Amino acid sequence: MDTREPATPAGPADTDAAAHEAGQLIEASLGHLYSAAVRTAATLGLADHLASGPRTAAELARLTGTDAVYLGRALRYLATRKVFREDAQGAFHLTPAAQFLRTDVPGSLHAAVLMLTDELFVRSSSGFEETLRTGEPAFPKVFGAPFVEYITAETAARELFDTGMAAFSEPMNALIADAYSFPRNATVVDVGGGRGGLLRQVLLRHPDLSGVLFDQEPALHEHLLTDAELTGRWRTEPGDFFASVPEGGDVYVVKHVLHDWDDDRAVRILESCRRAMAHDGKVLVVDSVPSPGNEPPLGKAVDVAMMTIVTGRERGPEDLDALFTRAGLRRTRILPTPTFASIVEAVAA
């Protein structure tokens with residue numbers, strides 16, 4: 001017998017609140033249109049066209065080869081999300097959020113938006129229900145190969161991913177570099193560091209440090225370490241972090257890497273760092289560490305997106321401790337940063 005109390009209908013005093021919540025749910029159900037609108041704004045370069053000042057939809061349509069009425073409707077929609085702003089004369093302005101869609105500003109997220117709204121993510125999310133039923137990412141079923149294998153074989157996909165991840169990370173790199181006190185005269189090895197955005201920020205802040213950017217060859221071709229003040233303080237090294245990483249480093253940074261992999265392969269990466277690091281060396285895992293409660297940090301959204309793409313996940317303290325133990329490491333502390341990621345420090349057990 002079901003002993004649960006029936007739900008209490010909303011009373012008159014609750015009508016406005018109920019209507020608001022219902023409206024929010026419907027708007028959330030149309031979220032794919034918001035993603036499509038943001039992607040189209042990036043593709044058309046609307047933020048770049050507004051960099052010199054506000055323009056009407058008709059003016060933007062002439063510049064972008066689009067229909068003025070339809071473009072105006074799309075811009076009006078984006079303005080409800082504070083991506084662009086419409087004034088009383090019908091002209092559209094840049095907002096703080098829209099500034100990140102420009103291609104010519106430091107910290108531009110233009111490439112990140114194009115990556116996150118690409119079919120790599122969109123088509124994979126269409127298999128969300130199957131992912132929940134099977135506990136397996138949808139990506140291999142949709143694209144015919146696991147994510148890493150696919151982007152390794154498809155040059156355009158790899159370029160999109162490398163460029164997008166560099167842009168996604170750039171606004172965070174300086175904040176993460178500032179959040180940790182690196183030991184003096186240390187060698188920092190950026191494991192799976194992509195184009196080296198984080199390593200660049202670390203070396204710029206610490207003139208006594210040297211660095212090694214370690215990743216697969218394609219990512220290293222367009223590294224970001226060419227600043228004059230970094231001359232002679234870094235090198236790149238290609239390789240496979242499942243097999244080994246450069247030896248003798250004092251700090252091994254593993255940023256946005258472990259969350260791509262299942263537990264067994266995450267342990268192999270950590271074991272490579274443990275074998276290679278110098279005496280008193282440290283491993284810094286930089287990932288989102290989910291917190292309890294219902295707050296909506298970006299890390300939880302990233303975790304769900306990854307669920308459809310790869311076999312990894314964002315891990316809490318106990319989950320990371322289990323990986324560290326298997327790899328011969330132990331956690332010493334978790335440092336929050338102003339970003340959605342935390343720095344989890346570990347040393348030899």
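Angles under 35 degrees count as roughly parallel, over 145 as roughly antiparallel, 65 to 115 as roughly perpendicular, and anything else as oblique. What you're looking at is a predicted model, so local features need a pLDDT of at least 70 and side-chain atom pairs count only at pLDDT 80 or more, while totals for chains, interfaces and linings use all residues. Residues are numbered from 1 along each chain as its sequence is written, and side-chain values use heavy atoms, with hydrogens and water left out.

**View 1. Helices α12 and α13 cross at roughly 40 degrees.**
Helix α12 covers residues 155-178 and helix α13 covers residues 197-205; helices (H or I, at least four residues) and strands (E, at least two) are DSSP runs, numbered from the N terminus. The axes of the two helices come within 8 Å. An axis here is a line fitted to C-alpha atoms, for helices over the stretch in contact, and angles run from 0 to 180 degrees between N-to-C directions. With that crossing angle, α12 and α13 are therefore oblique to each other. The crossing is right-handed, that is, the near helix is turned clockwise from the far one by less than a right angle. On the α12 side, look for E170, N173, A174, I176, A177 and D178; they meet G197, L198, R200, Q201, V202 and R205 of α13. Sort the residues in this contact by class and you get five nonpolar, three polar and four charged. (Nonpolar means Ala, Val, Leu, Ile, Met, Phe, Trp, Tyr, Cys and Pro; charged means Asp, Glu, Lys and Arg; the others, Gly among them, are polar.)

**View 2. Seven strands line up in an open sheet.**
Walk across the sheet and you pass β6, β5, β4, β7, β8, β10 and β9 in that order, with mixed pairing along the way. Strands β6 and β9 sit at the edges, each pairing on one side only. From one strand to the next, the twist averages 20 degrees. Two strands are said to pair if DSSP finds at least two bridges between them. For a parallel example, take β4 and β5, joined over five bridges, where V191 stands opposite F214 of β5. Strands β7 and β8 run parallel too, again with five bridges, and here V253 faces L284 in β8.

**View 3. Both helices from View 1 lie on the sheet.**
Helix α12 lies across β5 (210-215), β7, β8 and β10, and runs at about 120 degrees to β7. Helix α13 touches β4 (187-191), β5, β6 and β7, and its direction makes about 180 degrees with that of β5. Contact means heavy atoms within 4.5 Å. The buried residues of α13 are G197, L198, L199, Q201, V202 and L203. They pack against α12 as well as β4, β5, β6 and β7. (Buried is under 20% relative accessible area, exposed is over 50%, and partly exposed is in between, using a 1.4 Å probe and protein chains only.) Strand β4 has four of its five residues buried, so the rest of the structure largely encloses it.

**View 4. Strand β10 has an antiparallel partner in β8 and another in β9.**
Strand β10 (residues 342-348) is mostly covered, with six of its seven residues buried. Six bridges link β10 to β8 (residues 282-287); among the residues involved, V283 has A346 as its bridge partner in β10. Seven bridges link β10 to β9 (residues 329-336), and R333 stands opposite E345 of β10. Strands β9 and β10 also make a hairpin, with five residues between them.

**View 5. F242 sits in the loop between β6 and β7.**
That loop joins β6 (234-238) to β7 (251-255). With a relative accessible area of 15%, F242 is buried. F242 touches W261, R265, R268, I269 and S272, leaving aside residues up to four places away in sequence. Its C-alpha atom is 9.0 Å from that of V267, though the two residues are 25 apart along the chain.

**View 6. K82 and F84 each have a positive phi.**
Most residues other than glycine have a negative phi, so this loop is worth a look. K82 has a phi near 65 degrees, and F84 has one of about 80 degrees. K82 lies in the loop between α5 (68-80) and β2 (85-86), and F84 has its place there as well. K82 counts as exposed because its relative accessibility is 64%. F84, at 1%, counts as buried.
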